[in-house]
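Please read these notes with the model open beside you, and check each point against the picture as you go.

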Amino acid sequence: MGSDHSVPMLILNDIHKSYDRNEVLKGITLDIRKGELVTFVGPSGCGKTTLLRIIGGFTPLDSGQVILDGERIDSLPPNLRDTRICFQNYALFPHMTVAENVGYGLKIKKWKRQRIAERVDELLRLVKLEGLGGRMIDKLSGGQQQRVALARALSLEPKVLLLDEPLSNLDANLRLMMRGEIRKLQERLKITTIFVTHDQFEAMSISDRIVVLRDGEIQQIGPPIEIYEHPTNEFIAGFVGYVNFLDGVVEVVDIGLDRATLSTPIGRVQCIPERDINVGEKVKLVIRPETISLSRSEPAQGVNVFQGEVEIGMYVGSLAKYTVQVMGERVIIDQSNPRETGIFKTKEKLYLSIPENIHLLMRQEINHFTP
Amino acid sequence: MTIAEFGNAAILGGRTPFLAPDTYTMIIGEADFEMGSVLSVVLIIPCIIIFFLHNYMLTGKKFTTIGGKPVASEPRKMTPVVKIPFLIIGLISVLAILISFGVVLLASFTKILGVNNAIVFSHILNFESNRAIYNSIQVSLIAAFIGAIIGALLAYVIVRGKFFGRTFIEMISLSGFALPGTVIGIGYLLAFNAPPLKLTGGMMILALNCVFRFLAVGVEAGISKLHQINIEIEEASADLGANFLTTFYKIVLPIMFPAFIAGFIYTFMTAIVSLSAVVFLVSPGFDLAAVKIFDAAVYGEIGVASATTIKLVFIVILNMILLNFLTRKTGFDISQKKGV
């Protein structure tokens with residue numbers, strides 16, 4: 001998506017970091033391409049902010065390398081690195097005006113007064129704060145402060161922009177809007193950006209690639225769709241949205257038809273295997289709630305159709321969420337556009353159909369920490 | 001603090017011997033420095049015990065100064081059974097303070113209060129008293145200025161520094177408050193009475209003594225302000241290319257300025273009324289107001305003592321008003337000062 005796939009702008013090589021024997025980063029290796037927006041996502045304590053601070057130069061690393069545009073920077077202080085950070089609480093200078101905040105870095109770099117004024121104006125236009133240059137920081141709303149922080153970080157045209165949970169202090173609507181604006185700005189300026197968040201939906205919606213972190217290790221790197229559709233373990237599957245897991249054993253593999261039959265607690269499930277699987281292998285089926293469809297009458301196409309009873313129904317407007325009992329297993333199902341598909345009552349007997357393209361986790365990918 | 005009390009014990013104690021005034025007599029009256037030093041050590045012991053006890057009881061207990069959203073406090077209804085006795089105790093305390101001020105005020109405008117109640121202005125206009133006040137202001141201003149600067153720098157080192165012995169520095173910088181003034185005064189007298197560090201007999205020893213005795217004030221003001229400044233603000237400055245000095249000069253100092261001012265005024269106020277240490281260090285011909293009050297009271301010149309007191313009280317009240325005004329203007333809450 002608009003990124004230059006050939007040139008790595010930032011290379012992280014086997015980064016380790018411990019605090020008092022507690023290892024928070026356990027060998028992080030990662031390439032970030034020029035112009036790419038990469039999100040570090042993970043539960044709190046996964047090391048994402050520490051990693052960002054190491055890149056920015058605020059936290060020293062124990063071992064490993066940080067290479068920015070071909071130059072090793074891990075021993076440089078923050079003021080000598082060509083990275084700029086936007087802190088979670090913006091860290092604006094409270095005794096300065098908006099313009100003084102935005103122009104601070106330029107002044108340090110000894111730009112001429114006239115040039116600073118022009119650049120500040122340009123930046124304020126960029127973040128839609130024209131005319132507010134003379135305001136004091138405490139006279140701004142949260143969203144405006146966020147924009148000032150962004151403009152300030154962009155003022156020196158950094159090679160990499162670091163955003164540390166930039167939207168977490170904003171209310172839900174503003175968050176959604178700023179998310180879009182940051183993405184638009186990033187694509188327009190083609191600036192390499194690392195975005196840290198604990199919000200998987202934010203990560204999904206804004207990123208070129210997502211890096212899922214957990215306990216100081218990278219779990220998976222990939223574009224949002226890959227993370228969502230093909231998570232490489234249970235943790236990731238569960239972290240990026242709700243998921244139904246079903247234990248299964250491979251019963252039949254039909255190479256000619258490219259189909260496999262799995263026995264599961266709800267009955268036999270047919271699927272199109274993504275990889276080579278063998279009869280007798282234990283697998284885990286990853287079924288997203290929105291892929292299952294519900295109906296009162298039996299569907300004409302008869303593959304993977306099961307009968308179940310509605311246990312709980314929740315109408316949320318844009319969708320209806322159901323918990324359905326199928327052979328003693330609880331299955332969560334999301335029905336979008338519930339007005340069309342019908343709203344079902346508790347205890348109602350329904351037919352579920354599960355699509356054949358089911359993502360499977362192999363035995364070694366099944367871990368024991370289901371969130 | 002009461003155990004090391006000097007001024008009140010000396011003047012009101014009569015013939016009952018008290019530790020601090022006796023130490024004073026030993027040194028000033030009998031020039032017995034050895035015995036004076038011994039008494040100082042005795043005086044220190046309970047103070048040190050209390051200092052450690054205080055530290056011990058406070059460790060692990062965090063005091064939140066600014067905690068989230070402000071909630072308007074609503075006055076609670078109190079039953080008269082509780083209210084009335086408390087009100088009486090409160091009123092008696094207030095009255096006791098007002099009476100003592102009132103008597104002092106009367107004494108400064110009468111010849112000899114209770115004996116000859118003729119109204120006179122000679123006490124208020126007393127030249128020596130005024131000169132002592134002038135000296136006190138001078139010394140306290142110097143002390144306040146140096147104290148506020150050192151206090152702000154120390155506070156920064158204590159809060160932001162990550163090095164071994166940081167707590168030790170903090171304790172030392174605050175110890176001036178815990179040690180009895182009498183002890184510090186004698187210490188200064190003995191330490192700076194001879195070359196290479198001969199400071200006695202000047203204004204500087206008085207100012208420096210005040211600086212280090214009341215350093216805690218500036219340090220605490222700085223510390224509580226720094227705790228409000230998120231470290232990320234300094235990191236943001238570094239991130240934008242500023243080195244440490246630039247960050248300190250352009251970001252930390254301006255933000256700490258209210259704390260600096262508070263430290264300045266506090267040090268000034270405490271320095272100008274302090275007696276126990278400087279009483280050992282003043283030289284003939286350079287009296288300080290507090291010492292003048294003490295001497296006058298000891299010689300029975302209650303009128304001059306009272307008049308000088310009134311002037312000092314007036315200066316302190318002016319300072320408190322100023323501090324209050326600045327507090328409201330800068331949002332720096334003086335009530336955040338914690339500890340002794």
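The numbered points below take up the contact between two chains, then one of those chains in outline, and then some particular residues.

1. Before anything else, please keep in mind that this is a predicted model, and that every value in these notes was computed from it.

2. The place to begin is where the two chains meet, a contact to which chain A brings 23 residues and chain B brings 18 residues. Together, chain A and chain B bury about 1700 Å² in this contact, and 61% of that area lies on carbon and sulfur atoms. If you look at the share that chain A buries against chain B, you will find that Asn79(A), His95(A) and Tyr104(A) supply 29% of it, more than any other three residues.

3. Which side chains form a salt bridge across this contact? Arg53(A) and Glu235(B) do so, with a distance of 2.6 Å from N to O, and the count between chain A and chain B is one salt bridge. As background for a reader new to the subject, side chains of opposite charge can pair when their charged atoms come close. The interface of chain A and chain B also has six residue pairs in polar contact, counted where both residues are at pLDDT 80 or more.

4. It is worth tracing which elements of chain A make up its side of the contact, and here β6 (83-86) and α2 (98-108) each supply at least two of the residues that touch chain B. The element that gives the most to this side is α2(A), with four residues. Sorted by kind, the residues of chain A that touch chain B are 12 nonpolar, six polar and five charged.

5. Turning to chain B in outline, its secondary structure consists of 14 helices and two strands. Of the 340 residues in chain B, 44% are buried, while the area that chain B exposes comes to about 19200 Å², with carbon and sulfur atoms supplying 72% of it. Among the contacts in chain B with a separation of 6 or more, 71% are between residues 24 or more positions apart.

6. The remaining points return to salt bridges, of which the structure holds 24 over all chains. In chain A, Arg72(A) pairs with Asp74(A), and the closest N and O atoms of this salt bridge are 2.9 Å apart. Are these two partners buried or exposed? Arg72(A) counts as partly exposed because its relative accessible area is 46%, and that value falls between the limits of 20% and 50%. Asp74(A), by contrast, has a relative accessibility of 15% and therefore counts as buried, the limit for that being under 20%.

7. A further salt bridge joins the side chains of Lys128(A) and Glu181(A), at 3.9 Å from N to O. This pair links distant parts of the chain, since Lys128(A) is in the loop between α3 (113-126) and α4 (142-154) of chain A, whereas Glu181(A), 53 residues apart from it, is in helix α5 (residues 172-189). Lys128(A) is partly exposed, with a relative accessible area of 47%, and Glu181(A) counts as buried because its relative accessibility is 18%.

8. Glu348(A) and Arg296(A) also meet through their side chains in a salt bridge, with 2.2 Å between N and O. Here too the pair links distant parts of the chain, 52 residues apart: Glu348(A) is in the loop between α9 (338-341) and β19 (349-353) of chain A, and Arg296(A) is in the loop between β15 (293-295) and β16 (305-315). Glu348(A) counts as buried at 16% relative accessibility, whereas Arg296(A), at 46%, counts as partly exposed. Elsewhere, salt bridges that share partners join Arg33(A), Glu36(A) and Arg209(A) into one network.

9. Two single residues deserve a look before you finish. Asn233(A) is found in the loop between α7 (224-229) and α8 (234-239) of chain A, where its side chain reaches the backbone nitrogen of Ile236(A) at 2.9 Å; with a relative accessibility of 10%, Asn233(A) counts as buried. Glu329(A) lies in strand β18 (residues 329-336) of chain A and is partly exposed, with a relative accessible area of 27%. Leaving aside neighbours within four places in sequence, Glu329(A) is in contact with Leu246(A), Pro265(A), Ile266(A) and Val324(A).

Note on methods
Residues are numbered from 1 along each chain as its sequence is written. Chains are lettered from A and ligands numbered from 1 in the order in which they are written. This is a predicted model: local features need pLDDT of at least 70, side-chain atom pairs count only at pLDDT 80 or more; totals for chains, interfaces and linings use all residues. Side-chain values use heavy atoms; hydrogens and water are left out. Contact means heavy atoms within 4.5 Å. Buried area is the accessible area (1.4 Å probe) that two parts lose on being put together, summed over both. A salt bridge is a side-chain nitrogen of Lys or Arg within 4 Å of a carboxyl oxygen of Asp or Glu. A polar contact is a pair of N or O atoms within 3.5 Å; within protein, one must be able to donate a hydrogen and the other to accept it, and residues adjacent in sequence count only if both atoms are side-chain atoms. Ala, Val, Leu, Ile, Met, Phe, Trp, Tyr, Cys and Pro count as nonpolar, Asp, Glu, Lys and Arg as charged, and the others, Gly among them, as polar. Buried means under 20% relative accessible area, exposed over 50%, partly exposed in between (1.4 Å probe, protein chains only). Accessible areas come from the Shrake-Rupley method with a 1.4 Å probe; for residues, only the protein chains shown count as cover.
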